[in-house]
Amino acid sequence: MRLSVDNINKESPYWVIQLDDMQFRFRTSAGTVYHIGFSPDSYFMPGYAYHFHISSNDDHAPKDPCVIKVITCVIEEFFRNNTSVMLYICDSYDNRELTRANLYKRWFDNYPHKDQLILRTAEIQFNENCVYSGMIIRKDNPNNEKIIENFDYFIDVVPSLYPYFDQNK
């Protein structure tokens, strides 16, 4: 699948550069460089689901309302003509995973076209560790019921399938 940077740049407040089919980079007015994109999933629904990711070169970048607009443009391009599943996992490297989970929820709650999407969130417990994750799918996806059922099942069984995620062992 290839996303169109031309479509993204029509609405994006920052110029977005396409690195490959589903990977992008942009620079804010403060000089922060963001990498954003999607990677194929190999566990939940290989060939049908993609992990969304975003990172920057500055862990303490100033708040910039234009960043969320760029993220929205990229996500909208992902769903434009595509019924694939968008997955996300909130990184815990700096103990801010709950903050990230709340940002996804806030983005979705404020998204003007949220009536076209379904957000399913999950907290996966690995003993003392909690992994916040979620899935976004289009409401018009004919496989929604089965996708949600598979997601819920996957979230229930993943701790037993992947004990190496548990850092306390």
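Strands S2 and S3 run antiparallel and are joined by five bridges, and in this predicted model they offer a convenient place to begin. Within that pairing, Arg27 stands opposite Val33 in S3, while the hairpin of S2 and S3 has five residues between the strands, with Gly31 taking a positive phi near 95°. On its other pairing, S2 is joined to S1 by four bridges, again in an antiparallel arrangement, and the hairpin that leads from S1 to S2 does so through two residues. Here Val16 has Phe26 in S2 as its bridge partner.

These strands belong to an open sheet of seven, whose order is S1-S2-S3-S4-S5-S7-S6 and whose pairing is mixed. Strand S1 (16-20) and strand S6 (117-126) stand at the edges, and because each has a single partner strand, one side of each is left without a neighbour in the sheet. From one strand to the next, the twist averages 25°. The parallel part of the pairing can be seen between strand S4 (residues 49-56) and strand S5 (residues 85-89), which three bridges join; one of the residues involved is Tyr50, whose bridge partner in S5 is Met86.

Two helices can now be placed against this sheet. Helix H2 (residues 65-80) packs on the sheet and touches S1, strand S2 (23-27), strand S3 (33-40), S4, S5, S6 and strand S7 (129-138), with a direction that makes about 20° with that of S3. Helix H3 (residues 97-110) lies across S4, S5, S6 and S7, and runs at about 20° to S7.

What, then, lies in the largest nonpolar core, and which residues touch the most other members? The core has 34 residues, of which Phe24, Phe26, Phe38, Phe52, Phe78 and Met86 touch the most other members; its largest share, eight residues, comes from H2. Two of these names have already appeared in the sheet, since Phe26 is the bridge partner of Val16 and Met86 that of Tyr50. Such grouping follows a general tendency, because in soluble globular proteins nonpolar side chains tend to be buried together.

Phe52 shows the surroundings of one such residue in detail: leaving aside neighbours within four places in sequence, Phe52 is in contact with Ile36, Gly37, Phe38, Ile71, Ile75, Met86, Leu87, Tyr88 and Tyr104. Apart from the largest core lies another, of 16 residues, which includes Ala49, Ile124, Phe151 and Phe154.

Technical notes:
Residues numbered from 1 in each chain as written. Predicted model: local features only at pLDDT ≥ 70, side-chain atom pairs only at ≥ 80, totals over all residues. Heavy atoms only, no water. Pairing = 2+ DSSP bridges. Axes fitted to C-alpha atoms, helices over the stretch in contact; angles between N-to-C directions. Contact = heavy atoms within 4.5 Å. Core = buried A, V, L, I, M, F, W, Y, C linked by side-chain atoms within 4.5 Å. Buried < 20%, exposed > 50% of the residue type's maximum accessible area, 1.4 Å probe, protein only.
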